[in-house]
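Me: I would like to go through this structure step by step, with a short line of reasoning behind each reply. Could we begin with the empty space inside and then turn to the packing and the backbone?

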Amino acid sequence: YKRQVVGSPPADRAPQPAPAPRRARIPAQLYPITHYHNFDLRIRGDARTGYTISASVAGGARTFPQPLLLPSNRVTSLRLSSSFRRAGSNGNMQATGKALFKALFPPPIRKLWVDSVGELGADQGLRLTLHIEPPELMRLPWELLFEEEFIGLRQRFPIVRFLDSPNPPEPVVLQPPLRVLVAVCPANGTRSPAAEAELARIRDVLAEMPNKVEVDVLESASRDELLTHLRQGYHVLHYIGQGVVQGGQGYLVLQDAKARSSQASATLLGHMTEGSKLRLMVLSPGTSPDRKPGDVLDNVAHGLVRAGIPAVVAMPMAMEETAAVAFNRTFYRSLASALPVDVAVQEARRNILNSKSDSNGKCIDWAIPTLTMQAPDGVI
């Protein structure tokens, strides 16, 4: 991309219209979809007064706010709460996805969606960007949206949790390799077997791309050590550890120089990386796959993006080993090939499903990663 600097127009010339939003063109030899349009869904309101949903697409078409009617009966609520449990069936996943799709797409918005999909060219896709203002709705598994099939598994329809920014981040122009910092941050000074396994998987996967990816590892990162490294030209931070939310603020759990538990707020991390080359954080819980799911890392991801990180991929729970390897391998290869981050996540989801022997059964791992970003076209 070339940045064009435009001064004030001469006095005898009328101001020119603002330039159209930038469009990310993906080389056709890398990916069948070369351009994505945005389909913006905005959720506002609160539990007391009720929620609303509205939609807009590039070109100006939009809908008036509609009531957002979330599932309220006990059966559907149980399906929602059990979606990320290993015992969940494919039928429960579909039922959850259908309920969420029905809530997001009342008739006026569904019509706009159908019309927008119908206007796509063969090499075009529609990025589904979710602008979710009520924090309590961030925890719902929107990645399970289902309309005849799971939307989150379609190449043409990436699902993104999006935060508006008055100054969207500019992509960094870089020459390979992609620089990745892996930081293991045990809360009690001792790495768990699950964290050890996650670190080993990441090392093995990134070692497969020696000419495209350069990786450094902080095996027991202290707070000061991590903050120092984040200013040293890394493009990606892959964090293995835990998060906490206190007073509405998200924190990553680190440790101090004496291996005691310490914390760094999302706001602090955003300030520390301002002006750096860091463009992406990947948050992995470093726990066993059978641990009860949570939404803490999702909340931390939201805070990190709000603090200025262009994009954050978070795992509310650990994936099984084959799924974790499939995700990391495809995700980092896609990034190293300069694909937009949402496309990289989408391809990684699809590869998880391909790696599972029960791909038509109970596989939920593909829906675990969530992507929150403020880059309007996914280019970081």
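Me: How do the residues of the lining of the largest cavity divide into nonpolar, polar and charged?

Reply: This is a predicted model, and in it one cavity of 30 Å³ or more is counted, with a volume of about 120 Å³. Its lining is made up of 15 residues, and those nearest the centre are E198, S284, A318, M319 and A324. Sorted by type, the lining residues come to eight nonpolar, five polar and two charged.

Me: Which element gives the most to the lining of the largest cavity?

Reply: At least two lining residues come from each of α4 (193–207), β14 (280–284) and α8 (321–336). The element that gives the most, with three residues, is α4.

Me: Which element gives the most to the largest nonpolar core?

Reply: In soluble globular proteins, nonpolar side chains tend to be buried together. Here the largest nonpolar core holds 47 residues, and L280, V313, F331, Y332 and W366 have the most contacts inside it. With eight residues, the element that gives the most to this core is α8.

Me: Is E148, which has a positive phi, buried or exposed?

Reply: Most residues other than glycine have a negative phi. The phi of E148, however, is near 70°, and this residue sits in the loop between β5 (146–147) and β6 (149–150). Because its relative accessibility is 78%, and the cut-off is over 50%, E148 counts as exposed.

Notes. Residues are numbered from 1 along each chain as its sequence is written. This is a predicted model: local features need pLDDT of at least 70, side-chain atom pairs count only at pLDDT 80 or more; totals for chains, interfaces and linings use all residues. Side-chain values use heavy atoms; hydrogens and water are left out. On a 1 Å grid over the protein atoms alone, a cavity is a set of points where a 1.4 Å probe fits but cannot get out, and a pocket is an open set with protein on both sides within 12 Å along at least five of seven lines; lining residues have an atom within 4 Å of a point. Grid points are joined across faces, edges and corners, and a volume is the space filled by probe spheres set on the points. Helices (H or I, at least four residues) and strands (E, at least two) are DSSP runs, numbered from the N terminus. Ala, Val, Leu, Ile, Met, Phe, Trp, Tyr, Cys and Pro count as nonpolar, Asp, Glu, Lys and Arg as charged, and the others, Gly among them, as polar. A nonpolar core is a set of buried Ala, Val, Leu, Ile, Met, Phe, Trp, Tyr and Cys residues joined through side-chain atoms within 4.5 Å. Buried means under 20% relative accessible area, exposed over 50%, partly exposed in between (1.4 Å probe, protein chains only).
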